[in-house]
Amino acid sequence: MATPKLSDVLTVPNAISAVGLALTVHGSRRADTGWGITETVAGRLLDLLDGKVARMLDQSSEFGAGIDAAFDKAGVLAIGINEWRGGIAPKPALLVIAAQNAVNLVATAVAKRLGGQEDLAPVVAGKAAMAYQNGALGAYAVSALFRRRNRAVSVIFRVIGDADTVIGTGWFGVKASRQYVSRALRLARAR
């Protein structure tokens, strides 16, 4: 892999990615508080903006795309670890979200290693899966926030979290993983 040019490293989108990750990590450490949830949501929203800003400012690069993907996975990992530690989300949901992200990450890394120039952009189902998984993690955090204050609200958000987990790792997640793995296998067979 070639060393990235400084102009590909010091960009507005990469700064947005870094701030988004910092907010996500910091907020997820306090995921059972209103401020922690707000910080985490702000961080995840910034992750949605960096790619759009890169295209808008003509600052897209392979390095930036890699930073975006790595920081995105790191953000989900931070949320998952902190929700696990805090007893915020059900462990089976966290395990299934982590497993699916791991499969997609490994398949993408293999495809990158084997494919060189092939477009390794996230598949549409992968973006939808990530959106539902982020929704699930957020809903579980809100459920934990209301656990002692309002049981009915807590239960509603827990159900939303469970539904988002099923949709994000089931319907969209399985479809996305199948596409990521198929791409890696296709490239492996072509060698």
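Three salt bridges are present in the structure, which is a predicted model. They are described in turn below, followed by the internal cavity, a pocket and a surface patch.

One of the salt bridges joins Asp72 and Arg44, whose side chains meet with an N to O distance of 2.5 Å. Asp72 belongs to helix 4 and Arg44 to helix 3 (residues 34–56), so this pair ties together parts that are 28 residues apart in sequence. Both partners, Asp72 and Arg44, are buried.

A salt bridge is also formed between Arg30 and Glu39, with the closest N and O atoms 2.2 Å apart. The two residues of this pair fall into separate accessibility classes. Glu39 has a relative accessible area of 17% and therefore counts as buried, since the limit for that class is under 20%. Arg30, with a relative accessible area of 32%, is partly exposed, because its value falls between the 20% limit for buried residues and the 50% limit for exposed ones.

The remaining salt bridge to be described links Arg158 with Asp162, and here the closest N and O atoms are 3.3 Å apart. Both residues lie in helix 7 (residues 151–190), where a spacing of four residues corresponds to about one turn of the helix. Arg158 is partly exposed, at a relative accessible area of 38%. Asp162 is likewise partly exposed, at 30%.

With regard to enclosed space, the structure holds one cavity of 30 Å³ or more. The volume of the largest cavity is about 30 Å³. Its lining consists of Ser17, Gly20, Leu21, Thr24, Gly43, Arg44, Asp47 and Phe71. Arg44 thus appears both in this lining and in the salt bridge with Asp72. At least two lining residues come from each of helix 2 and helix 3, and helix 2 makes the greatest contribution to the largest cavity, with four residues. By chemical class, the lining of the largest cavity comprises two nonpolar, four polar and two charged residues.

The second largest pocket contains about 260 Å³ of space. Its lining is made up of 15 residues, and those nearest the centre of the pocket are Lys73, Val76, Leu77, Ala98 and Asn101. Helix 4 (62–85) and helix 5 (91–115) each provide at least two residues of this lining. In the second largest pocket, 12 of the lining residues are nonpolar, two are polar and one is charged. Helix 4 accordingly contributes to the lining of this pocket and also carries Asp72, the partner of Arg44.

On the surface, a nonpolar patch is formed by Val12, Met56 and Leu57, with a combined accessible area of about 300 Å². Val12 is located in helix 2 (residues 12–28). The relative accessibility of Val12 is 41%, and this residue is therefore classed as partly exposed. That value satisfies the requirement for patch membership, because residues of a patch must have over 30% relative accessible area. Helix 2 hence supplies a residue of the patch, Val12, as well as four residues of the lining of the largest cavity.

Note on methods: Residues numbered from 1 in each chain as written. Predicted model: local features only at pLDDT ≥ 70, side-chain atom pairs only at ≥ 80, totals over all residues. Heavy atoms only, no water. Patch = residues over 30% accessible without salt bridge, like charges linked within 9 Å, V, L, I, M, F, W, Y side chains within 5 Å. Areas by Shrake-Rupley, 256 points an atom, 1.4 Å probe, with all protein chains shown as cover. Salt bridge = Lys/Arg side-chain N within 4 Å of Asp/Glu carboxyl O. Buried < 20%, exposed > 50% of the residue type's maximum accessible area, 1.4 Å probe, protein only. 1 Å grid on protein atoms, 1.4 Å probe; cavity = no way out; pocket = protein on both sides within 12 Å on 5 of 7 lines; lining within 4 Å. Points joined across faces, edges and corners; volume = space filled by probe spheres on them. Nonpolar A, V, L, I, M, F, W, Y, C, P; charged D, E, K, R; others polar.
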